[in-house]
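Notebook open, structure loaded. I want to go through the parts of this chain one by one and jot down what I find.

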Amino acid sequence: MNIRPLSEALQKVAIEELNEDPKRIQDDLNNFKEWIKEQPHLRARMDDQFLIAFLRGCKYSLEKAKTKLDNFYTFKEKYPELLKRPNLEDPKVRELLRLGIILYLPEPLTEAGPRIVLVRNGAYDPSKYSFAELAQMRTLIQDIVLMEDDVAVVAGIIFVLDFSEVSMSHLFQINPGVMRKVSQYTEKALPLRVKASHFIDTPLVFEPVFNWVKPLMPQKMQGRLYVHGSKREELFKIIPKKLLPKDYGGENLSIQELIDMWEQKVLSYADFFKDDDKYGVDESLRVQQKATNSTESTAGLVGSFRKLVVD
């Protein structure tokens, strides 16, 4: 079994919130791998570290993990305009990376998480980059997180969404169809638990747009959205200054330092991404099964569940 050991604090979270039983991990992984081998349509990574992200993200419900893994690859084939991995050799993609629109911060909220993610929604020129290109970059970074960020996988993530530079041109890029696809992928295919989203420096036009987009999000997520406007002190009550970038009144790394750090990390994954491109689904080989709940799974999988714990 090739899995990084968790810190004591994270192991406690994994056991108490995710139903992880350290003595059963090997058996759980073996059962997961056996199922993957039996799926003629599915070409999935078999790395222990990758697969355990899905088990943990589904609180060790093997059936839910199967569904989410299948959806992970299925949605990437279904919505390539949003989820296809961008070419890192493309100068435009490298330029987008250097803008630092999505930055996972180095220090979690506590030693037991969750991970803090800063999203600088207005840090790009909407006449040059599309929302789809941003979504592809977001997916690329999430793929790295699944492989190496135990805090995010075990304890979840908190978004801090900065709207200070957002213009009407940025907002006009958003449409219900795109938002629905992104929401569907996040909810049904990504094994990362979003614990909260904090909106800061929102413009006057934000509220009507927010009220329009909110119903498109999963019901659970709608109760985890917090709008702070320009009241930065409200955010500091939840996320201490010592964890936030200097540019935001914090005491941690600057935005430029974070951008440099993430550029190096993404580029270090170039060979991994090339190898990863061989994985996916072939719908012509999928064995159709009768689904008991059409909204639960693209693959229509049914199975037994371990005891579930509500987030």
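Before I lean on the record: UniProt positions are given here in the numbering used for this chain, feature names are shortened, and an annotation may be inferred rather than shown by experiment. Also for the margin: I am looking at a predicted model.

**Entry 1, the annotation.** I looked up what UniProt says, and the unreviewed entry annotates residues 89-256 as "domain: CRAL-TRIO". I checked the make-up of that span and got 42% helix and 16% strand. Its end C-alpha atoms are 21 Å apart.

**Entry 2, the domains.** Next I pulled the domain assignment, which splits the chain into domain 1 (8-80) and domain 2 (91-270). On the contact between them, I count 21 residues from domain 1 and 22 residues from domain 2. Taken over C-alpha atoms, the two domain centres are 24 Å apart.

**Entry 3, the interface.** How much area is buried between domain 1 and domain 2? I get about 2000 Å², with carbon and sulfur atoms giving 67% of it. Reminder to self: interface size is often quoted as the accessible area lost when the parts come together.

I then went after the polar side of this contact. There are 5 residue pairs in polar contact between the domains, counting pairs with both residues at pLDDT 80 or more. On the domain 1 side, helix 1 (8-18), helix 3 (48-57) and helix 4 (62-78) each give two or more residues to the surface that touches domain 2. I sorted the residues of that side into 12 nonpolar, 3 polar and 6 charged.

**Entry 4, salt bridges.** Side chains of opposite charge can pair when their charged atoms come close. I count 26 salt bridges by the rule used here, and 2 salt bridges between domain 1 and domain 2. I noted D143 with K76, where the closest N and O atoms are 2.9 Å apart. I also noted K33 with D48, at 2.5 Å between the closest N and O atoms. That pair links distant parts of the chain, with K33 in helix 2 (residues 25-37) and D48 in helix 3, 15 residues apart.

**Entry 5, backbone oddities.** Most residues other than glycine have a negative phi, and most peptide bonds are trans, so I went looking for exceptions. Which residue has a positive phi although it is not a glycine? I found K59, at about 55 degrees, in the loop between helix 3 and helix 4. The peptide bond from G113 to P114 is cis, with omega near 0 degrees. P114 sits in the loop between strand 2 (102-104) and strand 3 (115-120).

How values were computed
Residues are numbered from 1 along each chain as its sequence is written. This is a predicted model: local features need pLDDT of at least 70, side-chain atom pairs count only at pLDDT 80 or more; totals for chains, interfaces and linings use all residues. Side-chain values use heavy atoms; hydrogens and water are left out. Domain bounds come from an automatic or database domain assignment. Contact means heavy atoms within 4.5 Å. Buried area is the accessible area (1.4 Å probe) that two parts lose on being put together, summed over both. A salt bridge is a side-chain nitrogen of Lys or Arg within 4 Å of a carboxyl oxygen of Asp or Glu. A polar contact is a pair of N or O atoms within 3.5 Å; within protein, one must be able to donate a hydrogen and the other to accept it, and residues adjacent in sequence count only if both atoms are side-chain atoms. Helices (H or I, at least four residues) and strands (E, at least two) are DSSP runs, numbered from the N terminus. Ala, Val, Leu, Ile, Met, Phe, Trp, Tyr, Cys and Pro count as nonpolar, Asp, Glu, Lys and Arg as charged, and the others, Gly among them, as polar.
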